[in-house]
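Here's a walk through the fold, strand by strand. Keep the structure open beside you and follow along.

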Amino acid sequence: MLRVENLVKCYQNGNELLYALNSVSLSIEEGEFVVILGPSGSGKSTLLNVISGLETPDSGSVIYDDYEIFGLNQKELTMFRRDKTAFIFQAYHLLPFINVEANIRMGTDLKGSQNISEIIDGVGLRGLEHRLPYELSGGQQQRVSIARALAKKPDFLFCDEPTGALDEVTSKQILTYLKELQNQLEFTIIMVTHNVSIAQIASKVIKMTSGRIVEIINNAHPRNVNEIKW
Ligand SMILES: Nc1ncnc2c1ncn2[C@@H]1O[C@H](COP(=O)(O)OP(=O)(O)OP(=O)(O)O)[C@@H](O)[C@H]1O
């Protein structure tokens, strides 16, 4: 169980204080597929970064089971992030001088034992294993970053617009694979997206506006990926 209580995160914007997160509270059960929706600037990425321990809030707490991550010291927080979480960013952050397969293996070097060959098939990168990142399209690089995150076998997978650079067919292929793997390994997915279609496959949808949660929808019957219209 992940509990988020009264998160506040402000930025100084000229003379004004901008509330990127304004008293945000929510809870997420293990194994959920959570989608965070909202207009640009509504605080989605900030929420994802704070929940995952990448950024520190001004106040409030993020509690995994029974420990508060901002009560951990820097070393403990790093261990938590290394052992429990993986992140798929909008920017791919691939290592430029090693090939596709080695980039994906970077995930397992940290922890985990996912079969790299299965993952390469799952994200549709078969045949491209020996290329360097600059020899790939943007969408292919994003698939490497997705594969690297999955190779880590996380308990919590945080995704910031993971299919933003992908076409419909590839996006659906990746989402299908993500859901299959989630059923198999029972990890939790928390995904920021602008794509309202993706919300239909989520078990929980969190809608944000101006740093606040305006609606939380629990979806008892999430759709299959092949049922959604893009
Ligand atoms: N490091 C920062 N310094 C100052 N302001 C910031 C910083 N990071 C975010 N903000 C501001 O906080 C607000 C929320 O930003 P955030 O990136 O969380 O929004 P978002 O909903 O993810 O937007 P988008 O959909 O465009 O990615 C925005 O107004 C943004 O300009």
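Start with Ile-88, whose bridge partner in S7 is Cys-159. A second link of this kind is the one between Ala-86 and its partner Leu-157, again in S7. Both belong to the pairing of strand S6, residues 85–88, with S7, which is parallel and runs over four bridges. Bear in mind as you go that this is a predicted model.

Now look at the other neighbour of S7. Strand S8 (residues 188–192) pairs with S7 in the parallel sense too, this time over five bridges. If you want a landmark there, take Asp-160: its bridge partner in S8 is Val-192. To get from S7 to S8, the chain goes by way of helix H6 (residues 168–185), and S7, H6 and S8 together make a right-handed β-α-β unit.

So how covered is S7 itself? Five of the five residues in this strand, which spans 156–160, are buried. In a regular strand, side chains alternate between the two faces of the sheet. Here, Phe-156, Phe-158 and Asp-160 sit on one side, with Leu-157 and Cys-159 on the other, and all of them are buried, leaving both faces of S7 covered.

Step back and you can place these strands in their sheet. It's an open one of six strands, in the order S6-S7-S8-S3-S9-S10, and the pairing is mixed. At the edges you find S6 and strand S10 (212–218), each pairing on one side only. Ignoring direction, neighbouring strands in this sheet are turned against each other by 15 degrees on average.

There's another sheet to visit. This open sheet has four strands, ordered S2-S1-S4-S5, and its pairing is antiparallel. Why do S2 and strand S5 (67–68) each have one side without a neighbour in the sheet? They stand at the edges, and each has a single partner strand, so nothing in the sheet flanks the remaining side. For S5, the pairing is with strand S4 (residues 59–64), antiparallel and over two bridges. One pair to pick out is Ile-63 with its bridge partner Glu-68 in S5. Helix H1 packs on this sheet, where it touches strand S1 (2–13), S2 and S4, and its direction makes about 60 degrees with that of S2.

That brings us to the ligand. Around it you'll find Tyr-11, Leu-18, Ala-20, Gly-38, Ser-40, Gly-41, Ser-42, Gly-43, Lys-44, Ser-45 and Thr-46. The elements giving two or more residues to this shell are strand S2 (16–28) and helix H1 (44–51). Which of the elements gives the largest share? That's H1, with three residues. Sorted by class, the shell has seven polar residues, three nonpolar ones and one charged one.

One last stop is Ala-102, in helix H3 (residues 100–110). Is Ala-102 buried or exposed? Neither, quite: Ala-102 is partly exposed, because 16 other C-beta atoms lie within 10 Å, while a buried residue would need 20 or more and an exposed one 12 or fewer. Then find Arg-148, which is 46 residues from Ala-102 in sequence, yet 9.3 Å away in space, C-alpha to C-alpha.

Notes: Residues are numbered from 1 along each chain as its sequence is written. This is a predicted model: local features need pLDDT of at least 70, side-chain atom pairs count only at pLDDT 80 or more; totals for chains, interfaces and linings use all residues. Two strands pair if DSSP finds at least two bridges between them. A crossover is right-handed if, with the strands pointing away from the viewer, the path from the first strand over the helix to the second runs clockwise. A residue is near a molecule or strand if its C-beta atom, placed from the backbone, lies within 6 Å of it. Ala, Val, Leu, Ile, Met, Phe, Trp, Tyr, Cys and Pro count as nonpolar, Asp, Glu, Lys and Arg as charged, and the others, Gly among them, as polar. Axes are lines fitted to C-alpha atoms, for helices over the stretch in contact, and angles run from 0 to 180 degrees between N-to-C directions. Two residues are in contact if their C-beta atoms, placed from the backbone, lie within 7 Å.
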